[in-house]
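Please work through the following exercises with the sequence and the model at hand. Each task is followed by a solution in steps.

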Amino acid sequence: MEKKEIYSPRSPFASPSSNGNGDKAGDSLQAVFEMALESQGPERTAKLLEKLADQLRAAPRPSAGPTTSYANTIPPDQQAPYPGDRDIERRIKSLIRWNAMAMVVKANSTTNVGGHIASFASSATLYEVAQNHFFRGATEDFPGDIVYFQGHAAPGMYARAFLEGRLDEKHLQNFRQELAEGGGLSSYPHPYLMPDFWQFPTVSMGLGPIMSLYQARFNRYLQARGLTNWKEEPKVWAFLGDGESDEPESLGAITLAARENLDNIIWVVNCNLQRLDGPVRGNGKIIQELEGLFHGAGWNVIKVIWGTEWDDIIKRDKTGLLLQRMEECVDGDYQKYIVEPGSYTRQHFFGKYPQLLELVNHLSDGQISKLLRGGHDVRKMYAAYKSAMDHKGRPTVVLAKTVKGYGLGEAGEGKNISHQQKKMNEKELREFRERFGIPISDDVIAETPFYRPPADSPETKYLLERRKALGGFVPARVVKPAVLDVPKLDYFTEFSKGSAMEASTTMAFVRLVTILLRHKGISKNIVPIIPDEARTFGLDALFREIGIYSSKGQLYDPVDSSSLLYYHEAKDGQILEEGISEAGSMASFIAAGTSYATHGVPTIPFYIYYSMFGPQRVGDLFWLAGDIRAKGFLLGATSGRTTLNGEGLQHQDGHSLLHASTIPTCLPYDPAFGYELAVIVSDGLRRMYVENEDIFYYIALYNENHAMPPMPTGVEDGILKGLYKFKPGAEGKKVKAHILGSGPIIQSALKAQEILADRYDVSADVWSATSYKLLRTDAIRCQRWNMLHPTEPPKKSYVENLLAKEQGTFVAVSDNIRTVPDQIAPWVPGGLFTLGTDGFGRSDTRARLRRFFAVDVESTVIGTLYALAEKNLIRRDIVAQAIKDLGVDPEKIQPQIV
Ligand SMILES: Cc1ncc(C[n+]2csc(CCOP(=O)(O)OP(=O)(O)O)c2C)c(N)n1
Ligand SMILES: [Mg+2]
């Protein structure tokens, strides 16, 4: 069994050999006692026992369950000595504190853009110790440590970058005013907005933590697959709030890190005991709660609760009452000790037991109120980080106790309103200046000027020297240009030829990824990601072919080892089989999709999943994929409200395409045929991995088999732009119509085309609509330009040009809600009549479902005739007759609810 290195002991008698064997320990104690009695005599033995009893009372006691006592994990005598110049570091930190506060106060003196002071005020020491001694920047043969900064502590990171000379006053002045002249700083870490600075968006609580876990695992994956040449492994640091730990994404995946022995990750939880509204656990202790959780999950836990001044007080307590008092106080009490004067703490904390008062007799009330919490003590934090860095075999979490709004005094130290505090009056500014010794004079203090010491000052020199020694600045996002040798469209000729056999687009994708995995230029860069659904999509053949990544290889003989497609886990496996975790899978997608930037190693994630459990389930991570400039392919399989027929309401997806359309860097596609898929993927590979565009793809895949025709000539451009004519209607008919179909529902359009021609004298062209969003974006772009250039010849969008000369009426039909095709309605000549699958799905056959939602062949015929009648192009009684002839019940229930 692994040796427990936590300080807070579980039992004073416990030793590794006697763990779990109380009798043995008891026996040896008995033997020692008898020896003492014999050699020392009863009197001296009694004295010795008394002394031991004293020590026992004063020793930290074990708590019940997986927690240890409310004490620092690392005892003072085991603390690594502090290597830095504490004095100068304190001055640097003070200036950073000032500038971080000033930028928020300044921005809010003339605007209402907001910002946070209290969060960084509580975490300044947590970051500064790491900046001066741990975070390693990127160098030629080292990718740099990977740091997830707590989002709303961003002002502190900007303030440091200002001192480092990376940002200037103008930037700070324009904090949260990014559209101001000269540009400004984004509110939070957003690589989309500050692509040279931020690497990881973190402010949506919980996403930073889960990303960091999968990033650490992805780093191991890259190494196992031989895709790196690092001189040493980077550490992944994640800083999060104690309130943030309530998010399921924060703690939901922590067992992964222990299971995978990710000793390359360090979490630092800033336990300031407060969230936005008030205490995180007013009636309990968040540090203890988190300790229990992390211990249970197999992490190495380091608690940093008390600062150095407490060491002596704790040592002098021989009664055990101090620890008892520390444990019986809840976080609500601890918060109160911050806002009340030292006399209150003396009376209510120490005063509960008279013996404790004696311990602080020598301290004034002022001194009592300044007894530091561990997270504000560089020596304690350094020791914790050092121990975390050196820890082998398990991930580490540092639980650091701090004060929210530390140093803000009356303006918001430890108050329930602290989080929202963004203004300070002159008196408060003066107090802040005094407390931190900021060289700003009275006459200008009201303007909260920024302060940067001169370039040759000891502070600037020290700070730069430290960063230089550690490899460079953090955060920094540096993208080294890399171009992959991606296949061109001719690599996919089997798709352009079509196939005699019916197939689904999911099958087409499986084939496509299989041949991509054989392409010399990119095979090794591909990262297939699957959340326990490979068999559903027919991807299980890949298990054996490329293996499932497992850091442990395969320690067992799989039950299906004798079969051709056995479940094959391997240390260099290529598939990331994430189990049932869409959030985890998205985190892996993001790690792989940003590897080009994080590591300078472009990888191509293909994440295939049940489309219903995509944006609807983990939409915030989809949004983040845009912000972080991720690349890759998301494949929403088993798509379509009626195409996935038997699974019912919670599976049948008819709206992911709409969700995906909302993400600015996402290209959503709804292909109907194998060749369309090939055109989209090959162009995507070119755009992302040759042209280096920071975009990603969402492709809806369906599981209905149908004909896979050869590619008509000259349609590539239309496929990519979102619309092309697939099959013109019959010649010589009286009226003209156009049906836009997508995915498998284009089959309804094609059969409707025949019926319309044969029975109603209507020539209907069938178009394949591969992406309504892209058509719309293009149209909006033109429209906006026209609005702002009213006297110039107007620009026309692709869809307007394409449809300009077409006669008749336009109808769209898809297996998605009507809003998806309706996106282009304003630019369709004469408008668009849409059939779609609005409403909850339900289990039944495809035929019945399509009739129910009115996207089947008959409904498409009726819809087209109706649209023609609405334009007086045919008589209304023809529509009524068609409804009868085609056997459609006009009174059938409406799928829409409200
Ligand atoms: C998903 C999500 N929900 C809510 C918020 C709004 N929010 C921002 S900060 C915050 C409180 C954070 O408390 P904590 O994590 O303890 O951080 P602290 O500022 O105390 O360090 C909240 C609720 C958010 N940013 N993200
Ligand atoms: Mg907090």
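The exercises below proceed from the whole chain to single residues.

**Conventions**

This is a predicted model, in which local features need pLDDT of at least 70, side-chain atom pairs count only at pLDDT 80 or more, and totals for chains, interfaces and linings use all residues. Residues are numbered from 1 along each chain as its sequence is written, chains are lettered from A and ligands numbered from 1 in the order in which they are written, and side-chain values use heavy atoms, with hydrogens and water left out.

**Exercise 1. Describe the chain as a whole.**

Step 1. Begin with the secondary structure: the chain has 36 helices and 20 strands. Helices (H or I, at least four residues) and strands (E, at least two) are DSSP runs, numbered from the N terminus.

Step 2. Take the dimensions along the principal axes: the C-alpha atoms fill a box of roughly 120 × 75 × 55 Å.

Step 3. Turn to burial: 58% of the 898 residues count as buried. Buried means under 20% relative accessible area, exposed over 50%, and partly exposed in between (1.4 Å probe, protein chains only).

Step 4. Consider the contacts (heavy atoms within 4.5 Å). Of those between residues at least 6 apart in sequence, 78% join residues at least 24 apart.

Step 5. Compare the charges, where Lys and Arg count as positive and Asp and Glu as negative, while His and the chain ends are not counted. The place of a charge is NZ of Lys, CZ of Arg, CG of Asp or CD of Glu. The mean positions of the 102 positive and 108 negative charges lie 1 Å apart.

**Exercise 2. Identify the protein donors of the magnesium ion (ligand 2) and place them in the chain.**

Step 1. Apply the criterion: donors are N, O and S atoms within 2.8 Å of the metal (3.2 Å for Na, K and Ca); water is not among the atoms, so sites may look incomplete.

Step 2. List the donors: D242 (OD), N272 (OD1) and Q274 (O) lie 2.0 to 2.1 Å from the ion. Their spacing in sequence is D-x29-N-x1-Q.

Step 3. Locate two of them. D242 belongs to the loop between β2 (236–241) and α7 (248–251), and N272 to the loop between β3 (265–271) and α9 (286–297), so the pair ties together parts that are 30 residues apart in sequence.

Step 4. Check burial: D242 and N272 are both buried.

Step 5. Examine L273, which is found in the loop between β3 and α9. L273 is not a glycine, yet its phi is positive, at about 70°. The relative accessible area of L273 is 1%, which makes it buried.

**Exercise 3. Determine the surroundings of β2.**

Step 1. Count the buried residues: six of the six in β2 are buried, so the strand is largely enclosed by the rest of the structure.

Step 2. Separate the faces. In a regular strand the side chains alternate between the two faces of the sheet. In β2, V236, A238 and L240 are on one side, W237, F239 and G241 are on the other, and all are buried.

Step 3. Find the pairing; two strands pair if DSSP finds at least two bridges between them. Strand β1 (residues 146–148) pairs with β2 in the parallel sense over three bridges, and the partner of V147 in β2 is W237. β2 also pairs with β3 in the parallel sense, over six bridges; here V236 stands opposite I265.

**Exercise 4. Establish the strand order of the open six-stranded sheet.**

Step 1. Read the order, which is β10-β7-β11-β12-β14-β13, with parallel pairing.

Step 2. Name the edges: β10 (576–577) and β13 (666–669) each pair on one side only.

Step 3. Inspect one pair. Strands β7 (residues 526–530) and β11 (residues 604–610) run parallel and are joined by four bridges, one partner pair being P528 and F606.

**Exercise 5. Is Y221 buried or exposed, and which residues does it contact?**

Step 1. Place the residue: Y221 lies in helix α6 (residues 207–224).

Step 2. Assess accessibility: Y221 is buried, with a relative accessible area of 0%.

Step 3. List its contacts, leaving aside neighbours within four places in sequence: I526, V527, Y549, G573, Q574 and L576.

Step 4. Compare sequence with space: Y221 and D572 are 351 residues apart in sequence, and their C-alpha atoms are 7.6 Å apart.
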